[in-house]
Amino acid sequence: MSETALRAALAKSGAAGIGQISIATREDGSFALTHHEDAARDDLALYANADDAAQLSRFDDAGNYRPLKTAPSLRHGWRLTVPDHRSLDFALDLFYPGRLAAFLAWDRGRLVTTPLRETLQRQTGMYRPAAKISDPEADGLVGSFCRSDGGCLRTILWKRDRDGSPASTLLPPEKFDPAHDQTGLGRPTVPLLCQEACNLLVAEARKIVKCGASADSDTSSEAGEPRDGTHQ
Ligand code: SF4
């Protein structure tokens, strides 16, 4: 993403942050990033390389690995200062991979979304059984796994089927509204958009199917990762 595009993304939403990150613009043109709950703290560990975002986003406060970067579990206690838009772009892409680009594509009407059923149907190998998840099971899975309070801060744009069935009837309408701050704070924010089910959700769908299947149904020995989706 170009510097101009990043600036446009932030300006477009009137946001001073994205996800759980607050972004303060300094007089010298640099940017200071913190967990939004730490913005007023002056006892933070200081970082000055955009690369540090990779480490800062990897583990939660308890030291647990964060397989889903958009989970509401960003660690506290740090301030990352970056000198310009280019490094801000780089750092944010480490915190939330691909999300600013998705926002800009969506804003330009170019973001392609994929229904859950299509994502599941294209799975191969050990993840192929995920496609057998029933509609009620999928409804419950998405309603639990993707919820903003404890699950994922992305705004869901995909449907369950081509016929437009909602991703889940168990999620509130604002989960599908890019104008809503999924952190629940009501701030202007660049939304973290979800254009198709991620690999983690696919893996959970497989688990549900396998748990519901007869004991001798798991005969596949193929290994691998779920296909496509955004596992970040
Ligand atoms: S499918 Fe989307 S909203 Fe659900 S957990 Fe994965 S990235 Fe988050």
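This passage walks through a sheet, a pair of helices and a ligand site in a predicted model.

The sheet is a handy place to start. It is open and built from five strands, and reading across it gives the order β1-β2-β3-β5-β4, with mixed pairing. The edge positions go to β1 (17-18) and β4, each of which has a single partner strand, so one side of each is left without a neighbour in the sheet. Helix α3, covering residues 85-95, packs on this sheet and touches β1, β2 (21-25), β3 and β5. The direction of α3 makes about 140° with that of β5.

The mixed pairing shows up well around β5. Strand β3 (residues 31-35) pairs with strand β5 (residues 78-82) in the antiparallel sense, and four bridges link the two. Within that pairing, Leu33 sits opposite Leu80 of β5. With strand β4 (residues 45-47) things go the other way: β4 and β5 run parallel and are joined by three bridges. Here Ala45 stands opposite Trp78 in β5, while Leu46 stands opposite Arg79 in β5. As a bit of background, side chains in a regular strand alternate between the two faces of the sheet.

Next comes a pair of helices. Two packed helices can be described by the angle between their axes and the distance between those axes. For helix α6 (residues 135-145) and helix α7 (residues 199-212), the axes come within 11 Å and cross at roughly 135°. An angle over 145 degrees would count as roughly antiparallel, and the crossing angle found here makes α6 oblique to α7. The crossing in which α6 passes α7 is right-handed. On the α6 side, the contact is made by Glu137, Ala138, Leu141 and Phe145, and on the α7 side by Leu201, Glu204, Ala205 and Ile208. Sorted by class, the residues of this contact come out as six nonpolar and two charged, with no polar ones.

That leaves the ligand. How many residues surround the ligand, and which are the closest? There are 13 of them, and the closest are Cys146, Cys152, Arg154, Cys194 and Cys198. By class, the shell around the ligand holds ten nonpolar, two polar and one charged residues. Cysteine counts as nonpolar in this scheme and arginine as charged.

Methods:
Residues numbered from 1 in each chain as written. Predicted model: local features only at pLDDT ≥ 70, side-chain atom pairs only at ≥ 80, totals over all residues. Near = placed C-beta within 6 Å. Pairing = 2+ DSSP bridges. Contact = placed C-beta atoms within 7 Å. Axes fitted to C-alpha atoms, helices over the stretch in contact; angles between N-to-C directions. Parallel < 35°, antiparallel > 145°, perpendicular 65-115°, else oblique. Left-handed = near helix turned anticlockwise from the far one by under 90°.
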